[in-house]
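The exchange below takes up how certain labels are justified when a protein model is read closely. Each reply sets a value against the criterion behind the label and then draws the conclusion.

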Amino acid sequence: MTAPWNTIAPLRSYLRRARAAGIDKTIAIPAFHSNYDEANAELGRIVARYPDRLVGFAFVHAHRDAGRIREMVGRALKGWRCRGIKVHGFDAMPTREVCDTARAFRLPMLVDVVSRPEVVDMLAPQYPDVNFIIPHLGSFTDDWKAHQQVIYQIARYPNVYADTSAVRQFDYLVQAIRRAGARKLLFGSDGPWTHPGLELHKIKLLGLPRDQQALVLGGNALRLLRRSRPNWSEEVAQPERATRYKASRSSAVASGRHDYSPLVSESEYHL
């Protein structure tokens, strides 16, 4: 238990707000927890209730779970077919074990670097075949130096992306598009902390061409998720239904309809 907003993060209000904003699918992750095996199991049960709206990423603690991370992620793959890995710098930064697991299962990794973007300069070149997504352009606390360095990194490294959640200094979103292009930025809501409609409106205010807006609002996420189809083994067998996702707390999202660009279907993107 650390704070009300990240100890218990119920999704009911978020899902209602997301539907009103036109958001069709949300990538969901657990809240902070002392046992991420338990948290991931709870995530699975939640996503099972909303299989058409939620996609789950498994959360791991790089130090506390050392020696069993591949096993933990394997359980999440087998049990509810998670589609990515989440690591938070407040817990511990990613280790080789975490990166090797992401590589083995071809999963993208959402890494909150907590205003320490120099970590990305170690991860990206060491693991060029792992896709790293850096939320908040590197800083939830408006650290302009972190924003600037992450913009440089998403422009430099083909396997580094950033999400837009809770970025309050709007011109850094503009810079990210100008320097790295629309293919390297993913719309994020960081719900239930922030209102998904407000976060979505920031993307609309960028005034992007329709095809570029579609990439940010869903196309890029779909492309990374399609690449993440794991190398199933006898140990981690594919579940009978690909739609049986399961989840917990919400984060980045795929796009919506209404006044915004329509949801981009997976069939429109090719590896």
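Q: What makes a residue count as buried, and how much of the protein is buried?
A: A residue is called buried when its relative accessible area is under 20%, exposed when that area is over 50%, and partly exposed in between. In this predicted model, buried residues make up 58% of the 271 residues in the protein. The accessible surface comes to about 12000 Å², and carbon and sulfur atoms account for 51% of that surface.

Q: Why is Tyr-50 called partly exposed?
A: The relative accessibility of Tyr-50 is 27%, so the residue counts as partly exposed, given that this class lies between the cut-offs of 20% and 50%. Tyr-50 sits in the loop between helix 3 and strand 2, and its C-alpha atom is 9.8 Å from that of Leu-15, although 35 residues separate the two in sequence.

Q: Why is Asn-159 called buried, and what does the residue touch?
A: With a relative accessible area of 4%, Asn-159 is buried, because the cut-off for that label is under 20%. The residue belongs to the loop between helix 7 and strand 7, where, apart from residues up to four places away in sequence, Asn-159 touches Ala-124, Tyr-127, Pro-128, Val-130, Asn-131 and Phe-132. A polar atom of the Asn-159 side chain also lies 2.9 Å from the backbone oxygen of Tyr-127, a distance that falls within the 3.5 Å allowed for a polar contact.

Q: How do you know that the length of helix 7 agrees with the number of its residues?
A: Helix 7 has 13 residues, 144-156, which at 1.5 Å a residue should span 18 Å, and the end C-alpha atoms are indeed 18 Å apart, so the two values agree. The expected span is taken as 1.5 Å times one less than the number of residues.

Q: What makes the buried residues of helix 7 a set on the same side?
A: The buried residues of helix 7 are Ala-146, His-147, Val-150, Ile-151, Gln-153 and Ile-154. They cover an arc of only 165° around the axis, and therefore they lie on the same side of helix 7. An α-helix has 3.6 residues a turn, so residues three or four places apart point the same way. The elements against which the buried residues of helix 7 pack are helix 6, strand 6, strand 7 and helix 8.

Q: What makes Asp-143 a cap of helix 7?
A: A side-chain oxygen of Asp-143 lies 3.0 Å from the backbone nitrogen of Lys-145, and in this way Asp-143 caps the N-terminal end of helix 7. The 3.0 Å separation is within the polar-contact limit of 3.5 Å.

Q: How do you know that helix 4 has the expected span, and what covers its buried residues?
A: The twelve residues of helix 4, 69-80, should span 16 Å at 1.5 Å a residue, and the end C-alpha atoms are 16 Å apart, so the values agree. Ile-69, Met-72, Val-73, Gly-74, Ala-76, Leu-77 and Trp-80 are buried in helix 4, and their cover includes helix 3, strand 2, strand 3, strand 4 and helix 5. Helix 4 is followed by Arg-81, which has a positive phi near 50°.

Q: Which residues touch the most other members of the largest nonpolar core?
A: They are Val-73, Ile-85, Met-109, Phe-132 and Leu-137, in a core of 69 residues. A second, separate core has eleven residues, including Val-55, Ile-133, Tyr-161 and Leu-225. In soluble globular proteins, nonpolar side chains tend to be buried together.

Q: Why is Leu-137 called buried, and what is the sign of its phi?
A: Leu-137 counts as buried because its relative accessibility is 0%, against a cut-off of under 20%. The residue is in the loop between strand 6 and helix 7, and its phi is positive, about 50°, although Leu-137 is not a glycine. Most residues other than glycine have a negative phi, and most peptide bonds are trans.

Q: What is the peptide bond that joins Gly-191 and Pro-192?
A: That bond is cis, with omega about 5°, and Pro-192 is found in the loop between strand 8 and helix 9.

Note on methods. Residues numbered from 1 in each chain as written. Predicted model: local features only at pLDDT ≥ 70, side-chain atom pairs only at ≥ 80, totals over all residues. Heavy atoms only, no water. Buried < 20%, exposed > 50% of the residue type's maximum accessible area, 1.4 Å probe, protein only. Areas by Shrake-Rupley, 256 points an atom, 1.4 Å probe, with all protein chains shown as cover. Helix = DSSP H or I, 4+ residues; strand = E, 2+ residues; numbered from the N terminus. Arc of directions from axis to C-beta. Contact = heavy atoms within 4.5 Å. Polar contact = N/O pair within 3.5 Å; in protein donor to acceptor, adjacent residues only side chain to side chain. Core = buried A, V, L, I, M, F, W, Y, C linked by side-chain atoms within 4.5 Å.
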